[in-house]
Amino acid sequence: MPAFRLSCLAYLGVALPSSSLGLLWPSIRLSLHQPVGVLGILLIFGVVGSVAVSVAIAPVLARVRMGTVVTVSILLPGLALVVEARAPSVWVFGGGMVLYGVGIGALDSALNAYAASRFGARQINWMHASYGLGATAGPLLTTALLGGGLTWRWVYGAMGIAVAALALVFGWTRHAWEPLPHTTGPAGAVRERKVPAAAVVGGLTFVAVETGIESGAGIWGYVFLTAGRGLGHGAAGVAVAGYWAAMFAGRAVLGPVAERLGAARVLTGAVAGVALGAALMAVPGPAALAVVGMMTVGLAAAPIFPLFTLTTAARLGAADAARTPRTVSLQVAASALGSAVLPAVMGLAIGAVSARVLAPALLVLGLAMGGVYRLLPGRGDS
């Protein structure tokens with residue numbers, strides 16, 4: 001299926017620069033004469049752009065060909081990277097981050113809406129696993145380029161040109177995408193039928209909490225293991241890398257399992273697995289137990305967002321399949337908010353209490369996520 005391979009390529013391509021900012025920021029902030037903490041403000045710029053376009057893109061998906069939307073969505077990050085590479089000030093760099101967030105938000109919404117209506121459990125998990133591959137390769141590539149003597153501007157510029165060139169490939173293959181489903185009934189049929197509020201609001205809450213757990217464990221796991229559990233720096237670094245590897249493995253392995261057992265069954269088990277992993281992290285004991293807990297969280301969280309996206313239509317009702325792209329785009333916006341806000345709150349709690357607070361925070365969130373999931377309609381096997 002060409003569209004499936006293109007989806008994986010799109011996620012792989014944009015993940016390379018997305019995962020490299022942390023490595024490049026020390027050089028960027030010195031070049032732009034900024035303190036370390038400014039990065040938090042700049043990240044907010046990107047999140048705002050991503051959320052705004054995710055909320056507003058549904059009408060675009062209904063009127064513009066999918067191939068065109070994906071092509072433009074990939075082109076915008078490429079242009080943003082070029083702008084950032086030449087930025088003379090932090091404000092121009094921030095503008096580039098807004099443009100980057102807009103492109104990523106549009107791409108994420110479009111690909112997930114398409115996957116929810118056209119892909120199976122195996123394919124949608126591999127699509128998200130492709131992002132993990134790119135996120136792993138990005139820091140390695142950046143390290144190699146910096147080690148070769150290139151400055152951060154050259155690295156960003158080269159990545160921008162590469163992503164823009166990738167957009168040309170998608171422009172050439174834009175007709176490979178099938179149209180998204182639309183209602184075939186009377187013009188007012190969809191407006192007259194009400195979608196249960198719990199299916200939408202509950203779904204948005206669930207996604208925001210899940211991505212907050214996923215991001216929070218990855219961002220603060222190193223601090224938790226070293227300052228909170230006394231693990232050595234080298235071992236903690238390996239453990240955090242193992243957490244992201246578990247995320248990739250979970251998507252690669254549990255996608256085929258979901259095709260055999262049903263997406264809803266695997267999703268239910270994964271939700272329970274996150275709480276179990278957080279509980280292992282919270283139990284007092286050797287650092288190895290906390291590492292096992294982190295790996296469990298990563299493995300269990302891996303298929304949740306892809307499978308939740310895949311089962312969106314089931315929660316809305318089969319007759320409301322035309323609403324799926326809009327609902328998915330709102331879920332992408334909620335995921336962006338959750339992955340930014342909840343880790344920030346965790347960081348404040350760690351600073352106010354101690355690094356050990358991460359584990360109980362993840363446990364509370366994991367239990368809350370499970371409670372929300374239990375209340376969602378349409379959780380039958382799919």
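These are my notebook entries on a predicted model of one protein chain.

**Entry 1. Overall fold**

I began with the secondary structure of the protein chain, which comes to 17 helices and 0 strands. I then looked up the radius of gyration of the protein chain and found 20 Å. The globule rule gives 21 Å for 382 residues, so the chain is as compact as a globular protein of that length. Along its principal axes, the C-alpha trace spans about 60 × 50 × 30 Å.

I next turned to burial and surface. Of the 382 residues, 50% are buried. The chain exposes about 16000 Å², and carbon and sulfur atoms supply 72% of that area. For the contacts with a separation of 6 or more, I noted that 82% join residues 24 or more positions apart.

**Entry 2. The nonpolar core**

I looked up the largest nonpolar core, which holds 99 residues. Ile-74, Phe-93, Leu-111 and Trp-177 touch the most other members. Helix 6 supplies the largest share of this core, with 12 residues.

I followed one of these residues further. Leaving out residues up to four places away in sequence, Ile-74 touches Ala-10, Leu-107, Val-163, Leu-166, Ala-167 and Phe-170. Among these partners, Val-163, Leu-166, Ala-167 and Phe-170 are listed as buried residues of helix 8, and I therefore took up that helix next.

**Entry 3. Helix 8**

I checked the length of helix 8, residues 152-172, against expectation. At 1.5 Å a residue, its 21 residues should span 30 Å; the end C-alpha atoms are 31 Å apart, which agrees.

Which residues of helix 8 are buried? I recorded Trp-152, Val-155, Tyr-156, Gly-157, Met-159, Gly-160, Val-163, Leu-166, Ala-167, Phe-170 and Gly-171. For the reading of such a list I kept in mind that an α-helix has 3.6 residues a turn, so residues three or four places apart point the same way. What covers the buried residues of helix 8 includes helix 1, helix 2 (21-31), helix 5 (66-85), helix 6 (90-118) and helix 7.

**Entry 4. Aromatic pairs**

I searched the whole structure for aromatic pairs and found 11. Tyr-11 and Tyr-131 form one that is edge-to-face, with 5.8 Å centre to centre and 85° between the planes. Tyr-11 lies in helix 1 (residues 2-18) and Tyr-131 in helix 7 (residues 121-147), so this pair ties together parts that are 120 residues apart in sequence. At 5% relative accessibility Tyr-11 counts as buried, whereas Tyr-131, at 32%, counts as partly exposed.

I also recorded the pair of Trp-126 and Phe-248, which is edge-to-face at 5.9 Å centre to centre and 75° between the planes. Trp-126 lies in helix 7 and Phe-248 in helix 11 (residues 233-261), so parts 122 residues apart in sequence are tied together here. Trp-126 is partly exposed, with a relative accessible area of 31%. Phe-248 is likewise partly exposed, with 27%.

Beyond these two pairs, I noted one aromatic cluster formed by Phe-4, Tyr-114, Phe-119 and Trp-177. Trp-177 had already appeared among the core residues that touch the most other members.

**Entry 5. Three single residues**

I examined Thr-312, which lies in helix 15 (residues 312-316). Is Thr-312 buried or exposed? At 1% relative accessibility, Thr-312 counts as buried, the cut-off for that class being under 20%. Not counting residues up to four places away in sequence, Thr-312 touches Thr-324, Thr-327, Val-328 and Gln-331. I noted the C-alpha to C-alpha distance from Thr-312 to Val-328 as 7.2 Å, for residues 16 apart in sequence.

I then looked at Val-240 in helix 11. Val-240 is buried, with a relative accessible area of 13%. Leaving aside its neighbours within four places in sequence, Val-240 is in contact with Gly-218, Gly-221 and Tyr-222. I also looked up Gly-203, 37 residues from Val-240 along the chain; the two C-alpha atoms are separated by 28 Å.

Last, I checked His-33, found in the loop between helix 2 and helix 3 (38-56). Phi of His-33 is near 60°, a positive value in a residue other than glycine. At 70% relative accessibility, His-33 counts as exposed.

Methods:
Residues are numbered from 1 along each chain as its sequence is written. This is a predicted model: local features need pLDDT of at least 70, side-chain atom pairs count only at pLDDT 80 or more; totals for chains, interfaces and linings use all residues. Side-chain values use heavy atoms; hydrogens and water are left out. Rings of Phe, Tyr and Trp (its six-membered ring) pair if their centres lie within 6.5 Å; planes under 30 degrees apart count as stacked, over 60 as edge-to-face and the rest as tilted. Helices (H or I, at least four residues) and strands (E, at least two) are DSSP runs, numbered from the N terminus. Buried means under 20% relative accessible area, exposed over 50%, partly exposed in between (1.4 Å probe, protein chains only). The expected span of a helix is 1.5 Å times one less than its number of residues. Contact means heavy atoms within 4.5 Å. A nonpolar core is a set of buried Ala, Val, Leu, Ile, Met, Phe, Trp, Tyr and Cys residues joined through side-chain atoms within 4.5 Å. The radius of gyration is taken over C-alpha atoms; the globule rule is 2.2 Å times the number of residues to the power 0.38. Accessible areas come from the Shrake-Rupley method with a 1.4 Å probe; for residues, only the protein chains shown count as cover.
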